[in-house]
Amino acid sequence: MPVPGLGPYDDQNIFAKILRGEIPCRKVFENEVALAFHDIAPQAPVHVLVIPKGRYVSQADFAATAADAEIAGFVRAVATVARELGLESAGYRTLSNMGVHGGQEVPHYHVHLFGGGPLGRMIALS
Ligand code: 5GP
């Protein structure tokens, strides 16, 4: 069984389908390099996923193979989404799961953006 975040890109993953418009999403932002939409199972008052439009399985893949301009554009897109959602002044958290230990479920690189209230401890092992 393929490990999420590793191996070749799977064009049938759920975020690829969202990017192609085959599955709906609650979009909050889009530009040439990134798409942001509300997580279907929010874990904070605001829980948005920011994904690159390119075919990258994980943060490791994105860092190793994306063009510099795409990486810069994506980092700026995450901060722009946070600002446009009104999260900047009170603060927010970003998180990216990678592979098995990271708990990555969807094998298309994404950044979780949490906010809208106090977020508690940074991490809890369970
Ligand atoms: P991961 O565990 O890979 O870091 O996070 C995947 C996230 O994608 C989870 O928070 C999950 O709730 C979210 N998710 C899974 N399927 C869908 C979907 O069809 N639509 C949306 N908007 N989010 C999804």
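Where does Leu6 lie relative to α1 (14-19)? The points below take up this residue and several others in turn; the model is predicted.

1. Leu6. This residue is in the segment before α1, the helix that spans 14-19. Its relative accessibility is 45%, so Leu6 counts as partly exposed; the class between buried and exposed runs from 20% to 50%. Together with Val3 and Val100, Leu6 makes a nonpolar surface patch of about 240 Å².

2. The ligand and its surroundings. The ligand is surrounded by 16 residues. Asp39, Asn97, Glu105, His110 and His112 are the closest of them.

3. Polar atoms facing the ligand. Which distances separate oxygen atoms of the ligand from Asp39, Asn97 and Val106? For Asp39, an N or O atom of the side chain is 2.5 Å from a ligand oxygen. For Asn97, a polar side-chain atom is 2.8 Å from an oxygen atom of the ligand. Val106 takes part through its backbone, where a polar atom is 2.9 Å from a ligand oxygen. On its own the ligand has 520 Å² of accessible area, and the protein covers 86% of that.

4. His112. This histidine, listed above among the residues closest to the ligand, belongs to strand β5, residues 111-115. Is His112 buried or exposed? Its relative accessible area is 9%, and the limit for buried is under 20%, so His112 is buried. Its side chain makes a polar contact of 2.8 Å with the side chain of His47. Beyond its neighbours within four places in sequence, His112 is in contact with eight residues: Asp39, His47, Val48, Leu49, Arg93, Thr94, Leu95 and Asn97. Two of these, Asp39 and Asn97, also appear among the residues closest to the ligand.

5. Thr80. Helix α3 covers residues 68-84 and includes Thr80. With a relative accessible area of 16%, Thr80 is buried. The side chain of Thr80 reaches the backbone oxygen of Arg76, at a distance of 2.8 Å.

6. Ala63. This alanine is placed in helix α2, residues 59-65. Why does Ala63 count as exposed? Its relative accessibility is 54%, and exposed means over 50%, so Ala63 falls in that class. From Ala63 to Glu32 the separation is 31 residues in sequence, and 18 Å in space from C-alpha to C-alpha.

Key: Residues are numbered from 1 along each chain as its sequence is written. This is a predicted model: local features need pLDDT of at least 70, side-chain atom pairs count only at pLDDT 80 or more; totals for chains, interfaces and linings use all residues. Side-chain values use heavy atoms; hydrogens and water are left out. Patches are made of residues with over 30% relative accessible area and no salt bridge: like charges are joined within 9 Å, nonpolar side chains (Val, Leu, Ile, Met, Phe, Trp, Tyr) within 5 Å. Accessible areas come from the Shrake-Rupley method with a 1.4 Å probe; for residues, only the protein chains shown count as cover. A salt bridge is a side-chain nitrogen of Lys or Arg within 4 Å of a carboxyl oxygen of Asp or Glu. Helices (H or I, at least four residues) and strands (E, at least two) are DSSP runs, numbered from the N terminus. Buried means under 20% relative accessible area, exposed over 50%, partly exposed in between (1.4 Å probe, protein chains only). A residue is near a molecule or strand if one of its heavy atoms lies within 4 Å of it. A polar contact is a pair of N or O atoms within 3.5 Å; within protein, one must be able to donate a hydrogen and the other to accept it, and residues adjacent in sequence count only if both atoms are side-chain atoms. Contact means heavy atoms within 4.5 Å.
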